[in-house]
Amino acid sequence: MPAPAQATSEHRITPEEAKELLNAVDEVLKFDSGDTGLRTRHDVKKQLADRDKVQKYIESRLKEDEDTQRLRRSEVVLKKLGLLPRDFDLQTFLVALLREQVAGYYDTKTKTVYLLDWLPPASQLPVMAHELTHALQDQNFGLEKWTGKGTSEKTPTEEARGDEEIAARHAVVEGQAMLVLLDYMLAPLHRSVADSPEVVDALSADMAKGGSDSVQ
């Protein structure tokens, strides 16, 4: 779920903008299918979400996500070492941070792409291209299963290997979605990432510097 450089909390989508945004889903999905070669097996459900709905989604994912569980265990260790204040609530911090950064998301459980009711439609289209790529990945491969834990072994070495496989699969999933986002943005210029290596170089340099416009 890419994060916008700056959230526009003052904006509220009008009924006309909402219709325009939701109607764009099918068109962007068609672009994504052509760009990735992934077949559209069925329509993707679409819905507008407000900040409270986004927060509830984040909270539910944080409860289920294995990486988050490991991060919580790390939080305990960091507090014992004195590297975090004892009253620091990592989950509250993450929810507040992600609530502002999320710019749209695809939920594998509801099979729905959620768009935001506080950002202008035009600014959400590239994010839509990213998230609908996840929808196509899900339709063709089953994202929950494909990005699941790579091994059931419990030894430290095998558990680490499983974690590495999970990280690699997530990198593939997010990498493809990021490429589609860039292709969507370049399409009006009749270009793509394949013939615009400078775009990838610029993005890589920005992410290496930790630029404010980098995506996560």
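**Aromatic rings and their neighbours**

Begin by selecting Tyr-57, Tyr-105 and Tyr-114, which ring pairs link into a cluster. The model is a predicted one. Across the structure, the count of aromatic pairs is 3.

Next, select Phe-31 and Tyr-184. Their ring centres are 5.3 Å apart and the planes stand at 85°; an angle over 60 degrees counts as edge-to-face, so this pair is edge-to-face. The contact joins distant parts of the chain, with Phe-31 in helix α1 (residues 15–36) and Tyr-184 in helix α7, 153 residues apart. Colour by accessibility and Phe-31 shows as partly exposed, at 25% relative accessibility.

Return to the cluster and keep Tyr-57 and Tyr-105 on display. The centres of these two rings lie 4.0 Å apart with planes at 15°, so the pair is stacked. Here too distant parts of the chain are linked: Tyr-57 belongs to helix α2 (residues 51–64) and Tyr-105 to strand β2 (residues 105–107), 48 residues apart. Tyr-57 is buried, at 9% relative accessible area, and Tyr-105 is buried as well, at 2%.

Now turn to charges over rings. Select Arg-51 and Trp-118: Arg-51 lies over the face of Trp-118, 4.1 Å from the ring centre. Then select Arg-169 with Trp-146, where Arg-169 lies over the ring face at 4.7 Å from its centre.

The last stop is Ala-167, in helix α7 (residues 156–186). Ala-167 has 47% relative accessibility and therefore counts as partly exposed. Draw a C-alpha to C-alpha distance from Ala-167 to Gly-148: the two are 9.9 Å apart in space and 19 residues apart in sequence.

How values were computed:
Residues numbered from 1 in each chain as written. Predicted model: local features only at pLDDT ≥ 70, side-chain atom pairs only at ≥ 80, totals over all residues. Heavy atoms only, no water. Helix = DSSP H or I, 4+ residues; strand = E, 2+ residues; numbered from the N terminus. Buried < 20%, exposed > 50% of the residue type's maximum accessible area, 1.4 Å probe, protein only. Phe/Tyr/Trp six-rings, centres within 6.5 Å; stacked < 30°, edge-to-face > 60°. Lys NZ or Arg CZ within 6 Å of the ring centre and 35° of its normal.
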